[in-house]
Amino acid sequence: RTGKIVWEFYLVPRTAGDPIRGPQGATPLDISTWKNASDTPITGGATWTSYTLDPTTGLLYVPGGNPAPDFATGPREGENLYSGSIVVLDAMTGAYRNHFKLVPKDWHDWDVSTAPSVIQTKGGRKLLSVAPKDGHLYGFDLATNSMLYRTPVTRVENVAEPFAIGKAVHFCPGTVGGAEWNGPAYDPQTNLILIGEVDWCATVKLQTDKQIQAVKPGKAWSAMATINPYSTYGTTDSFGHWAGWVYAVDADTGAWKWRLKSNYPIQSGMTPTAGGIAFFGDMGGNFYVVDSLDGQRLWGKKIGGAIGGGVITYTANGEQRVAVATGFTSILWPTAVTTGKVVILGLDKTS
C-alpha cells in the first residue's frame with residue numbers, strides 16, 4: 001500500500017512549474033506580497049521543524065522560515081508572505097484560516113522555526129506562545145488574534161541597521177541565535193512560560209546585485225559576501241563569545257519573572273514538571289534542574305556532548321525517570337564531537 005496525500009499547502013506563492021502533489025488547501029496567497037522581478041525566483045519560506053495541532057479546534061499551527069536571499073531585500077520587495085509567520089490551517093482540509101506575521105521584512109535570517117504552544121493561562125486566556133530566532137517571546141490572544149506582548153528573551157542589538165555592500169554589520173541575535181527549534185513550555189502551577197535561548201551574534205556584508213543574481217538554482221542563496229562556506233549564513237562571533245539564557249515570563253502579561261544565564265547556548269527543550277522543577281540542557285553538555293518558581297539551580301552536571309533536543313520525564317516501575325539526548329553536532333556549531341546517546345537520569349535515594 002502507498003500513502004495518499006490528503007492535502008497540500010504552499011507557504012509561498014506557487015509559480016509556473018511548481019509541482020502539485022495532492023489537493024490544494026484553499027489559500028488567499030498570491031505573488032503580490034513578494035514583488036519579485038520576472039527573472040527572480042520566489043524561494044525560502046520553508047517549514048523545517050515541528051507543528052502544533054489544537055485538537056479542540058482542529059487547527060494546525062505551522063511555523064514558516066526566512067525568505068531568500070536571506071540578507072538582501074531588494075530582489076524580494078513586499079511582505080514576503082508567509083515567511084516569518086505562524087500559518088494557521090484547517091488540519092482536515094489544509095485550508096488557510098489565519099496567520100501571524102512575526103518577522104516583517106526579514107533580512108537577518110530570523111526563521112520562525114519553533115513549534116508554538118497553545119495554552120490556557122491562569123488569567124483565562126487561550127494563548128498562542130511562540131519564540132522565533134529574533135530573540136523575542138510573543139503572546140497572542142486567540143480569542144481576538146491580537147498580540148498581547150513581544151518580550152526580549154536574549155541579547156538584542158543593532159537590528160535596525162540595514163546591510164550594505166562593502167559594510168560589515170554586527171547584530172544580535174545572529175543567524176543561529178534566538179530560539180532555534182525547541183519552542184516555549186508552560187508551567188500551569190506558576191503561570192510561567194519557559195524558553196531557552198541562544199545569545200550569539202553575527203556579522204554580515206552583502207554581495208553586489210550582480211553576484212546575487214548570478215547564483216545558480218539549487219545553490220545557497222544568502223547574499224553573504226564571502227567565499228568561506230562556514231560563513232555563508234553570516235560570520236558568527238568567535239567561540240566563547242556566546243552564551244545562553246532561560247527566561248521565565250508571565251503568560252498573561254509577558255513580564256519576565258526570573259532569568260538565568262549559561263556559558264553555553266541553550267537549545268534543548270524546557271520541561272517543567274508538576275513537582276515544581278524544570279529540566280533543560282546546554283550546548284556544553286551540561287544538564288540542569290531548577291526551581292520553576294524562581295529559577296534557583298538545584299542540580300547540574302555535565303552528562304555528555306551538546307544537548308540540543310527535547311527532554312522527557314516518565315515513570316518506570318513506579319519510579320520517575322528523565323531522558324535526554326546528548327551529542328548534538330553541526331557544521332554551524334563548535335561543539336564537542338562525540339557519539340550521540342540517550343542519558344537516563346533518576347532520583348538518587350541515598351542522598
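## Briefing: a disulfide, two sets of strands and some charged pairs

At 0% relative accessibility, Cys-201 counts as buried, because the cut-off for that label is under 20%. That cysteine is a good place to start in this predicted model, since Cys-201 is joined to Cys-172 by a disulfide. From there, the tour moves on to an open sheet of four strands, a hairpin made by β22 and β23, a nonpolar surface patch and a set of 11 salt bridges.

**The disulfide**

- The structure holds one disulfide, and its partners are Cys-172 and Cys-201, with a distance of 2.0 Å from S to S.
- Which hand does this disulfide have? The torsion about the S-S bond of Cys-172 and Cys-201 is about 100°, so the disulfide is right-handed.
- Distant parts of the chain are linked by this pair, whose members are 29 residues apart. Cys-172 sits in the loop between β11 (169-171) and β12 (185-187), while Cys-201 sits in the loop between β13 (192-199) and β14 (202-204).
- Cys-172 is buried as well, because its relative accessibility is 1%.
- As a general reminder, a disulfide is a covalent bond between the sulfur atoms of two cysteines.

**The open sheet, β7 to β10**

- Four strands make up an open sheet, in the order β7-β8-β9-β10, and their pairing is antiparallel.
- Which strands stand at the edges? They are β7 (117-120) and β10 (146-152); each has a single partner strand, so one side of each is left without a neighbour in the sheet.
- On average, neighbouring strands of this sheet are turned by 25° against each other, with direction ignored.
- Between β7 and β8 (residues 126-130), which run antiparallel, there are four bridges. Within that pairing, Ile-119 stands opposite Leu-127 in β8.

**Charged pairs around the sheet**

- The model has 11 salt bridges, where a side-chain nitrogen of Lys or Arg has to be within 4 Å of a carboxyl oxygen of Asp or Glu.
- Side chains of opposite charge can pair when their charged atoms come close.
- Arg-125 forms a salt bridge with Asp-141, and the closest N and O atoms are 3.7 Å apart. This pair links distant parts of the chain, with Arg-125 in the loop between β7 and β8 and Asp-141 in strand β9.
- How far apart are the C-alpha atoms of Arg-125 and Asp-141? They are separated by 6.6 Å, although the two are 16 residues apart along the chain.
- The two partners fall into separate accessibility classes: Arg-125 is partly exposed because its relative accessible area is 29%, whereas Asp-141, at 11% relative accessibility, counts as buried.
- A network of salt bridges that share partners joins Asp-109, Asp-111 and Lys-133.
- One of the pairs is Lys-133 with Asp-109, whose side chains meet in a salt bridge at 2.9 Å, N to O. It connects distant parts of the chain, 24 residues apart: Lys-133 is in the loop between β8 and β9 (136-141), and Asp-109 is in the loop between β6 (96-101) and β7.
- Are Lys-133 and Asp-109 buried or exposed? Both are buried.
- Arg-97 has a salt bridge with Asp-90, where the closest N and O atoms are 3.3 Å apart. Here Arg-97 is partly exposed, with a relative accessible area of 46%, while Asp-90 is buried, with a relative accessible area of 17%.

**The β22-β23 hairpin**

- β22 and β23 (residues 319-326) run antiparallel and are joined by six bridges.
- The two strands form a hairpin with two residues between them. In the turn, Asn-317 has a positive phi of about 55°.
- Ile-312 has Ala-323 in β23 as its bridge partner.

**The nonpolar surface patch**

- Which residues make the nonpolar surface patch? They are Ile-312, Tyr-314, Val-342 and Ile-344, and the patch has about 370 Å².
- β22 (311-316) and β24 (341-346) each supply at least two residues of this patch.
- Ile-344 belongs to strand β24. With a relative accessible area of 45%, Ile-344 is partly exposed.
- Ile-312 ties the topics together, being a member of the patch and the bridge partner of Ala-323 in β23.

How values were computed. Residues are numbered from 1 along each chain as its sequence is written. This is a predicted model: local features need pLDDT of at least 70, side-chain atom pairs count only at pLDDT 80 or more; totals for chains, interfaces and linings use all residues. Side-chain values use heavy atoms; hydrogens and water are left out. A disulfide is a pair of cysteine sulfur atoms within 2.5 Å. Buried means under 20% relative accessible area, exposed over 50%, partly exposed in between (1.4 Å probe, protein chains only). Two strands pair if DSSP finds at least two bridges between them. Axes are lines fitted to C-alpha atoms, for helices over the stretch in contact, and angles run from 0 to 180 degrees between N-to-C directions. Patches are made of residues with over 30% relative accessible area and no salt bridge: like charges are joined within 9 Å, nonpolar side chains (Val, Leu, Ile, Met, Phe, Trp, Tyr) within 5 Å. Accessible areas come from the Shrake-Rupley method with a 1.4 Å probe; for residues, only the protein chains shown count as cover.
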